[in-house]
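I am opening my notebook on this structure and writing down what I looked up, entry by entry.

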Amino acid sequence: MGGRRIIYLLMIFAVAAPIIVGFSQRPSRLQSAERMYEVVESVRIEPGEVALVWLDFGPNTTAENEPQATVLLEHLFRRRIPVILLSQYQQSERFLESIPRKVAKRLEREMPGQHWRYGEAWINGGFRPGSGIFIQSMVSAPDLTKFLGRDVQGMPLTHYPNFASLGGVERVKLVGEITGLVGVFDNIIQFLQKDGYRPTIVHGCTSITIPEAYIFLDSGQLKGLLEGIAGAAWYSEVIKRAYPESDNKKLLVTNTSLGLAHLVLILLIVFGNVAPLMKKFRRGDG
Amino acid sequence: MVAQDVNDARKKLIRVFTFLGGIYFFLHFLLPESAVSYLGWRANHEAISNGFIVVGAMALGLGIFNIVRDHGARCVFKRSGWFNSLALLLGLSSMLFVTTGQWINGQKNSSDVRRVRLTGEFASRILSDAERPPQDRAVPPLSARITALLGHQRAQASAIEGEIAVSLGPDAPASAPMLIGEVKSKLDALDQDMSEIARVPWEALGPQQKALLERVAQNATKLASAYSLIKQANHSRTRIHKLYTFLYDGLFNQLGSAMFALLGVYIGAAAYRAFRVRSLESGLMMATAVLVMLGQISLGESQAARAGVSLQDIRQWLLEVPNSAAFRAIRLGAGVAGLMLAIRMWLSIESTSFSSRER
Amino acid sequence: MDSLGSLNLLTTVVGGIATLAIFSFLIKENAFYRFFEHLFLGIAAGLGPMLIVRDFLWPNILEPMLGLTVVRYPDGTVEQPYQPLYLLYLAPMLFGCLYYFIYSQRHAWLAKLVIGFTLGASGALTIRGFFSEAIPQITGSFKPLLVFVDGHLSLFESFSNMLFVATLLLVLNYFFFTFGREGSLQGRLAPLGRPLLMVCFGAFFGSTVMARLALLVERVQFIVGDWFAAVRFLLGVAY
Amino acid sequence: MSGLEHVTPGILCVLIFAGWLLYRELSRVKQGYVHFIRRIPGVDALESAVGRCAEQGRPVVFTTALTDVGPTLYACLGVLHSIARRVAQYKLKLLIPQYTPEAMALVEDTVRDAYREAGRSSSFDPESIKFLSSEQFAFASGYMGLMHREKAGAAFMFGAFAAEALVLAEAGQQVGARQVAASVSPEQVAFFICTCDYTLIGEELFGSSAYLSREPVQVATLAAQDRLKLLCLGFIVIGVLLATIQPWAPRVASIMPDRLLSSDWGAISW
């Protein structure tokens, strides 16, 4: 019983130490995240074209999904690509509101005099029920502005110049899906396409669903992937290369905490194997 | 023996209902698309599915009933732990009360905004009815409709003034003056349209009338959007909303996240205790787990770079090949078993458990 | 500070206490934990049914059934007349109420009618679900055992595919229950499935670890960052 | 690949075949044919765990966790039935924490039945079926508290599990309960293997119910599903072979079995 508590304490300590000290390490290089950066970087938009980002996560998976949403939006905002935010999951409503605002605020602090305003840089389309059925009808709609109708505040999209005349789904140059839920991502893969149009899809998933996401990365249905928090950490590192002012300290500290906890876990496995052997050995001696 | 007969009849009835429960979805799957459309199921599929969900949704009181019975008795008879049961019942009733209150408030808000928006919708409707008089229903004369429109807007204007007064209270948010300015300017614009409408003759629909109605429709929609922001701001200052935020963000979310976080700690204990290499099997499981873990952290990479092998690549291969194959086999096997059970369940091919024989 | 600011402060402080209460379980089951456990159960029990009413029953069923979705213009005309067909929903609603007979000794069989109905529906849905999931899985497994890249045999790719197919078949074989008496080929191959399964579970364990730890990191960040700051602020105000 | 909403001719054939298999096995079993059933080691662990509770006089806990009403729950109820019967015979206390109200009604029914079969209808206590919560982690916290307060001697976790699995299993570990788990969600099996005395994997959950009861209908279902699985296995083997010979014999390889399954009615000329 006592031993168990020591392990519990060790785990908490391993996680807390880097946070308290503010120690961070360069994250692990993940190919999938690097590919995703290049994909986002290569998106070229004409006026009236947009990116569509789905945030489909609740409080239970924010720890991984929020940093992913943050880095993706940061990159899109830096590149001045207008973003439509939508959700298929009710509990993510508060994140649709808070995450882009935080990103915009940080960028404005970093670059005084520049602005990222609601309605210009992004709009929040809110939660849309109906999942697969909704996406199917969105794809076949002749005009997205009309189809989406209003933003979450009830304002018609025609009110915002960047989103006033979108036209068909072909004007969506990039689709991002950040989720920790099963089935939600499948809706995007299966339904967000039509004859002659297959969007570039990038995906942020929790570590639990990484094995499943790999199948789609392999087949090319997915162009980039953020694997859990480690993926977000590497992505932020790649952004920093291009934009040295970018501040990703908190994310790197989190990632370092994770790395340290992983190591402690591996050490525990080793000890778990060595300790009984040692006992046997000592008994043999006596 | 009569009792036995009644029992048998009941069992038969249960079987019939079980079969009926499945027949719609089964036929929907079995019939080709054209037949489904012909039967009208395609158009009404959502409504029919909702009917099925309603049946299940009615069970929502079962849980509460069970909890109240269990913990209520404990409180009433002051059995051990009654204090905690009281906390539970308190949490339950306050959440029910606060969520209901918050919801009713929200409903009222949206119907208020809806009424403002109605001005615009009514204007568009008057316009479309005047241009293409409907065949299937009677419509009042144009001038009467315009009078109704003016009356409606007057009532809305005074409601909006009232709401603005509320939003200037002592604890008003910093954004309040801006929001109010927005609403006031939109309201002024609409008022101007309205006074113009009152001046213009409405015996027939001319280009001037048409333009006016179009403008009213647009301006009323803009007003409604601005108004909804004030409504929202006022709503978030109500006591019921604060209580809801406190219960939801301060307790429900935090307790849920804390429970989830325990997993991070427990994993340590599980790893220490159970990942012992006792056999080839446990050795394989441990080795795979360690390799995958090393592949996803930064420290793993720097070690690996020295050795000249990329742990990331090994991790990826492990996930793509052996992991996917075994995973697929498990899913497939469980799927087949589920299919057989589903057929059995639907057709009530029974032995024990559900509608059992009396012994 | 405005009232919303103090609400945030209160939410953070109480949230931290609740988190610590749950974590105190790591030391020992105790009264502090027990209190918050029960509070959690109560709040969740109150929220669940309300969400069903708020997000499903009311907007999809009750509101249209009561005619509240009918838009009535100021002159008394309506946008679209009331759909009396919505009243049909009364039937499944009443039928669903039979659930509550489960608590009656004499009429429990009435509850079985609705339970049976639900079982039947979920059975039929499972039949469809199986085929839409399993067929892509089966066809996705048709991997060539010999892979040629630019006309040359790729040993690594071929090995990967062979291992993939072998794992798939051996694990499927492991789950046969009524074949494979002692000595048959199936029986002799069956034990090979288990170690392959273990590789799969090891990989799952390894990658799941990150998600689990991430939430622990988030909680520790909340306590060390937000909560400490809030408590310090509160004490500063009090003194 | 497009989604599947209605049967294709190929799928219809498979569906009819599945129905025929079930019918054939049922009639064979009714005529007295005895199927061989492979021993499932975890099932013995079930019995010994209940026995140990009887020695120590500690309660038995059984949970189906997040399992919704459906085939998986149905299979779990088969296992619950035989455990409940044994518990009734030993006059032990049985606790069944619940997650979904709909499942609760079914569970109550099953346990009542089992007690009746054991001839102890009067000792069935409806309060043993406790609804905890329909929220994943509220359920987990309730379960943790319950295990500690009741000092459970054995815990059986059967059904569909998500992240809460490790919390449940660790709670059992902490009070020293003998634990057997069976999960249809492969993601959680690793954690069960680490914390439980025995873990049934995937389909073994479905097999165990038949193994325990030796009930004709259940055995017949098991036999029928094995045969259907054999068909799937055959499909895969043929598909792999055709894919492999593709470079040499493209014409032969074009008769892929996936075409048989996924071409729709339009592909057939009537």
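Entry on domains. The domain bounds I use here come from an automatic or database domain assignment. The model in front of me is predicted. With that in mind, I looked up chain C and found it divided into domain 1, residues 1–82, and domain 2, residues 93–140. I then took the centres of domain 1 of chain C and domain 2 of chain C over C-alpha atoms, and they are separated by 28 Å.

Entry on helix H12 of chain B. I noted that this helix runs over residues 311–346, which is 36 residues, and that from its first C-alpha to its last it reaches 49 Å, close to the 52 Å expected at 1.5 Å a residue. Following its course, I found a bend of about 40° in H12(B) at Asn323(B). I also looked up how covered H12(B) is, and 29 of its 36 residues are buried, so I recorded the helix as mostly covered, counting a residue as buried if 20 or more other C-beta atoms lie within 10 Å of its own. Just after H12(B), I saw that Ser348(B) takes a positive phi of about 50°.

Entry on chains A and B. I looked up the contacts between them and found 35 residues of chain B in contact with 38 residues of chain A. On the side of chain B that touches chain A, helices H8 (207–235), H9 (239–274), H10 (280–295), H11 (298–307) and H12 each supply at least two residues. H9(B) gives the largest share of that side, twelve residues. Sorting the residues of this side of chain B, I get 17 nonpolar, 14 polar and four charged.

Notes:
Residues numbered from 1 in each chain as written. Chains lettered and ligands numbered in written order. Predicted model: local features only at pLDDT ≥ 70, side-chain atom pairs only at ≥ 80, totals over all residues. Helix = DSSP H or I, 4+ residues; strand = E, 2+ residues; numbered from the N terminus. Expected span 1.5 Å × (residues − 1). Bend = angle between axes of the 7 residues up to and from the residue. Buried ≥ 20, exposed ≤ 12 C-beta atoms within 10 Å, placed from the backbone. Contact = placed C-beta atoms within 7 Å. Nonpolar A, V, L, I, M, F, W, Y, C, P; charged D, E, K, R; others polar.
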